[in-house]
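Reader: I am new to protein structures, and I would love a close look at one helix and what surrounds it. Could you start there and then walk me outwards, step by step?

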Amino acid sequence: MKEIATYVERTFESVPDSQRKSEIMQEIIERLEDSAGKLEQDGKAREDAINKAIVDFGNLDEILQELRGQETGKGKALSSLWFAVIGSLLVIALTVFINLYYSPGVVWFLYPTFAVIWWPLCIFFFGKWRKGR
Amino acid sequence: MVSSDLLRGHLETILLRLIGETDRYGYELFSEIDGRAGGRLVVKEATLYAVLQRLERQGYITSYQGDVSGGSKRRYYHMTPLGKANLEQGIREWHEAQEIINIFLRGNIQ
């Protein structure tokens, strides 16, 4: 049944291609065709049978999320936090060095430190806020 | 018919149990749940496949392509030792939850 394959393909469009994705799509298409076929045998009109099969199967969003969760999600958020922490520490270390080397009499490195500290803080609290939702 | 919210948290454990008995494929799990619960536990197939994906990603089950039957290849799921440990923990947690809830909800209402 062409309509079912089209429906599943359109739903999975946003997920990047992978072996796993095509396997799961294939399995879902087969299941949907199977139950639509049974409904048609029971005397339902073709279109009704397809619609009912799709509704009965349930919302595919959960499966999409699982497939997407494999590449993105937690790991990515954590690595951008580490990048921010290490990056800001390097910048702070550099300003401390310049401060002590060229003008040891004036403690000015605190000002750029305050500025650059916003970087990891933003990432951290944005991640926290997104997790909370 | 029990609301799915109450049972949702235990769906992973239920699936691990069924896969632990013998290797099973997606629709087999669906009909097994329906049959054993006598239709009282309603799980959408989409939810089932999502949970299977999650279990596989967490390393609790592995899957392999089974023999061709009726024109289509079936994907069978097999429980790993890690999955077995998780199943045992899930069963323990369920017993404990039961005891705790019983403390409050058992007996007649005054």
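**From one helix outwards**

Author: Let's begin with helix H2 of chain A, which has 23 residues and spans 33 Å from its first C-alpha to its last, close to the 33 Å expected at 1.5 Å a residue. Please keep in mind that this is a predicted model. If you follow the chain just past the end of H2(A), you come to A:Gly43, whose phi is positive, at about 105°.

Now look at what H2(A) takes part in. Helix H2 (19–41) of chain A is one of the elements that give two or more residues to the largest nonpolar core. Chain A also contributes through helix H1 (2–11), helix H3 (46–57) and helix H4 (61–69). On the side of chain B, the contributors of two or more residues are H2, H3, helix H4 (45–57) and strand E3 (72–79). This core holds 42 residues, and the members that touch the most others are A:Phe12, A:Ile28, A:Ile63 and B:Leu15.

Let's use B:Leu15 as our bridge into the other chain. Setting aside residues up to four places away in sequence, B:Leu15 touches B:Leu29, B:Ile33, B:Leu48, B:Val51, B:Leu52 and B:Leu55. B:Leu29 and B:Ile33 are worth a second look, since they turn up again in a helix pair. When two helices pack, they are described by the angle between their axes and the distance between those axes. For helix H2 (residues 11–21) and helix H3 (residues 26–36) of chain B, the angle is about 105° and the axes are 11 Å apart. An angle of 65 to 115 degrees counts as roughly perpendicular, and that is therefore how H2(B) and H3(B) lie to each other. H2(B) brings B:Leu11, B:Ile14, B:Leu15, B:Leu18, B:Ile19 and B:Glu21 to the contact, while H3(B) brings B:Leu29, B:Glu32, B:Ile33 and B:Arg36. Sorted by character, the residues of this contact are 7 nonpolar, 3 charged and no polar.

Step back for a moment and take in chain B as a whole. Chain B has 5 helices and 3 strands, in the order α-α-β-α-α-β-β-α from the N terminus. Its C-alpha atoms fill a box of roughly 60 × 30 × 20 Å along the principal axes. Of its 110 residues, 35% are buried. Among contacts in chain B with a separation of 6 or more, 47% join residues 24 or more positions apart.

B:Tyr60 is a nice place to zoom in again. B:Tyr60 sits in the loop between H4 and strand E2 (61–69) of chain B, and its relative accessible area of 16% makes it buried. Beyond its neighbours within four places in sequence, B:Tyr60 is in contact with B:Leu16, B:Leu55, B:His78, B:Met79, B:Thr80, B:Leu82, B:Gly83 and B:Asn86. B:Leu82 is 22 residues away along the chain, with its C-alpha 5.5 Å from that of B:Tyr60. B:Pro81, 21 residues from B:Tyr60 in sequence, has a C-alpha-to-C-alpha distance of 7.5 Å. B:Pro81 lies in helix H5 (residues 81–105) of chain B, and at 72% relative accessibility B:Pro81 counts as exposed.

Finally, let's return to chain A and compare two residues of helix H5. A:Thr95 belongs to helix H5 (residues 74–102) of chain A, and its 13% relative accessibility makes A:Thr95 buried. Apart from neighbours within four places in sequence, A:Thr95 contacts A:Trp108, A:Phe109, A:Pro112 and A:Thr113. A:Trp82 is also found in helix H5 of chain A, but A:Trp82 is exposed, with a relative accessible area of 54%. The C-alpha atoms of A:Trp82 and A:Pro112 are separated by 20 Å, and the two residues are 30 apart along the chain.

Methods. Residues numbered from 1 in each chain as written. Chains lettered and ligands numbered in written order. Predicted model: local features only at pLDDT ≥ 70, side-chain atom pairs only at ≥ 80, totals over all residues. Heavy atoms only, no water. Axes fitted to C-alpha atoms, helices over the stretch in contact; angles between N-to-C directions. Helix = DSSP H or I, 4+ residues; strand = E, 2+ residues; numbered from the N terminus. Parallel < 35°, antiparallel > 145°, perpendicular 65-115°, else oblique. Contact = heavy atoms within 4.5 Å. Nonpolar A, V, L, I, M, F, W, Y, C, P; charged D, E, K, R; others polar. Core = buried A, V, L, I, M, F, W, Y, C linked by side-chain atoms within 4.5 Å. Buried < 20%, exposed > 50% of the residue type's maximum accessible area, 1.4 Å probe, protein only. Expected span 1.5 Å × (residues − 1).
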